[in-house]
Structure formats: C-alpha cells, structure tokens
Amino acid sequence: MESAKLYEEYRSHIQRIADVKYSLAVLQWDQETYMPTKGAAFRARQSATLSEWAHQLFTQKSFKTLLLELSSRKDLDPLQQKNVELSLYDYSQQEKLTPEFVRTMSEQVSKSYQSWIQARKENSFAVFAPDLSVLVDLKRQEAALLGYEGHPYNALLNQYERGCTVGLLDKVFAALQAPLEELLSGIASQPPVDNAFLRQPFAKDQQWKFGMEVLKQMGFDFEAGRQDISEHPFTT
C-alpha cells in the first residue's frame, strides 16, 4: 500500500481514539462543575469504560503493525515521521498496562476526586486518606508495570517530562537551594511589608466578572468554549 494511504489509515485510527478521549474529557468537565453528587458512582463507571476502550483501541496489535510499517517508510514528511515515532513510543508504554488496570485506575481516580471534595467540605483529611492510599498503591503498581531504573517515580515522571529523572531534578533543586536561602534571609531581615490586601474579602460575583472580562480581552471564543466554576483548577 502507498505510504499516503497507510498514513491516512493511521490518522483515522488516532482520530477515533481522540474522539473517545474527548468524550471522556466532557464527562470529566461535568464531574468538575455541575454533576450532582449522586451521579459520582455512575460517572466513575462511565469514565472507566471510556478509558478502557481508548486503551484497547490504542494497543491493538494491528495498530502496532501499522506503526512499524510506517516507521520503515522513507517517503513520509518530517511531521508525519515524528507523529509515527511518538505514537510508537506511546504504544511501547501503553502495551505494558492491561485494560483491567486502566479501568481500575480510572475508577479510583474518580472515586478519590469525590472523597477529596467531601474532605474539603468537612475540612478533614481522614475522609480523603483511604482513597488516597489506594491511589498511591495503584501508582506504584503502574510504575512497576512501566518499568524504571533508579527511583520508581522515574516511570511516572517520564509520562510528563520524557527523559527527566528524580536524579536530574535533585540536582536542579540542590543548585537552587543556596540562592533561595539567601533571598529568604534578605527578605526576613527587612521590615514587614503591608500585605493587608491579601486578607480582604472579595465578592465572588465581582471576581467572576473580572475573570470573564480578562477572557474577553484575550479574545477567547465563547462560541467555541466556556468558563465554569470548579473546586479545582483544570483545563479540558
């Protein structure tokens, strides 16, 4: 088959996966904003199903075969080559996770979010602690499944900053420690600043109007997106 047709097959498959993930993102947006409390268990199940489905689509053996074939083609343009290269790397990582694990992780993330919301309302860490403990254990399992050298967190850190390690970050922070201590010492030796403005009450509706005005001035297209109030900052 011609490379152009193969790449279109790849692009189409990736788009199907993206459609599932974007559908999941809308459900997550609803969970973060307007979802009634009693919908939590149903939403956790729905999110888990879509997460599992997206994972299954991505880790199909036929998709790996397609990626390997495309990676051997020399007539793709640089952007296409990079897309295939990154997808093949992502495949090598995702195939280490089972659909069952992906589903369990998704369900626990949703469950943990709801208990975190409740913990905030009650100002009680004890409400969140059990679910957090389960989530941490799952992340440890994920690190073990992905594989790592040195510190277990390297496996998880690599998902966000590819090639970055705990050892590298330790060196960065170690280099910053001395100058930061000097800066803090200098600040502490000066007379206290007037920070009363930080302790004033600000009307919620006025904050909302200000934020919306900033978005308008930035050119945000309200026919293509929206702004909502949530317990935690996030972007969908």
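**Salt bridges and a helix pair in the predicted model**

A search of the whole structure, which is a predicted model, finds 11 salt bridges. Several of these pairs are worth a closer look, and the packing of two helices follows after them.

A good place to start is helix α1, which spans residues 3–33. Here Arg-11 forms a salt bridge with Glu-8, and the closest N and O atoms of the pair lie 2.9 Å apart. Both residues belong to helix α1, where a spacing of three residues places Arg-11 and Glu-8 about one turn of the helix apart. Arg-11 has a relative accessibility of 38% and therefore counts as partly exposed. Glu-8, with a relative accessible area of 39%, is likewise partly exposed.

Another pair is found in helix α6, which covers residues 125–146. Glu-142 forms a salt bridge with Lys-139, with 2.7 Å between the closest N and O atoms. Because Glu-142 and Lys-139 are three residues apart in α6, about one helical turn separates them. The two partners fall into separate accessibility classes: Glu-142, at 7% relative accessibility, is under the 20% limit and so counts as buried, whereas Lys-139, at 28%, counts as partly exposed.

Two further cases can be added. Arg-73 forms a salt bridge with Glu-69, the closest N and O atoms being 2.8 Å apart. Glu-69 has a relative accessible area of 33% and is therefore partly exposed. In addition, Glu-52, Arg-103 and Glu-107 are joined in a network of salt bridges. In general, side chains of opposite charge can pair when their charged atoms come close.

Attention now returns to helix α1, this time for its packing. Helix α1 packs with helix α4, formed by residues 78–94, at an angle of about 55 degrees, and the two axes are 12 Å apart. Since this angle lies between the 35 degrees below which helices count as roughly parallel and the 65 degrees at which roughly perpendicular begins, α1 and α4 are oblique to each other. Their crossing is left-handed. On the α1 side, the contact is made by Tyr-7, Tyr-10 and Ile-14; α4 contributes Gln-80, Asn-83, Val-84 and Ser-87. By residue class, the contact of α1 with α4 comprises four nonpolar and three polar residues, with no charged ones.

Note on methods: Residues numbered from 1 in each chain as written. Predicted model: local features only at pLDDT ≥ 70, side-chain atom pairs only at ≥ 80, totals over all residues. Heavy atoms only, no water. Axes fitted to C-alpha atoms, helices over the stretch in contact; angles between N-to-C directions. Helix = DSSP H or I, 4+ residues; strand = E, 2+ residues; numbered from the N terminus. Parallel < 35°, antiparallel > 145°, perpendicular 65-115°, else oblique. Left-handed = near helix turned anticlockwise from the far one by under 90°. Contact = heavy atoms within 4.5 Å. Nonpolar A, V, L, I, M, F, W, Y, C, P; charged D, E, K, R; others polar. Salt bridge = Lys/Arg side-chain N within 4 Å of Asp/Glu carboxyl O. Buried < 20%, exposed > 50% of the residue type's maximum accessible area, 1.4 Å probe, protein only.
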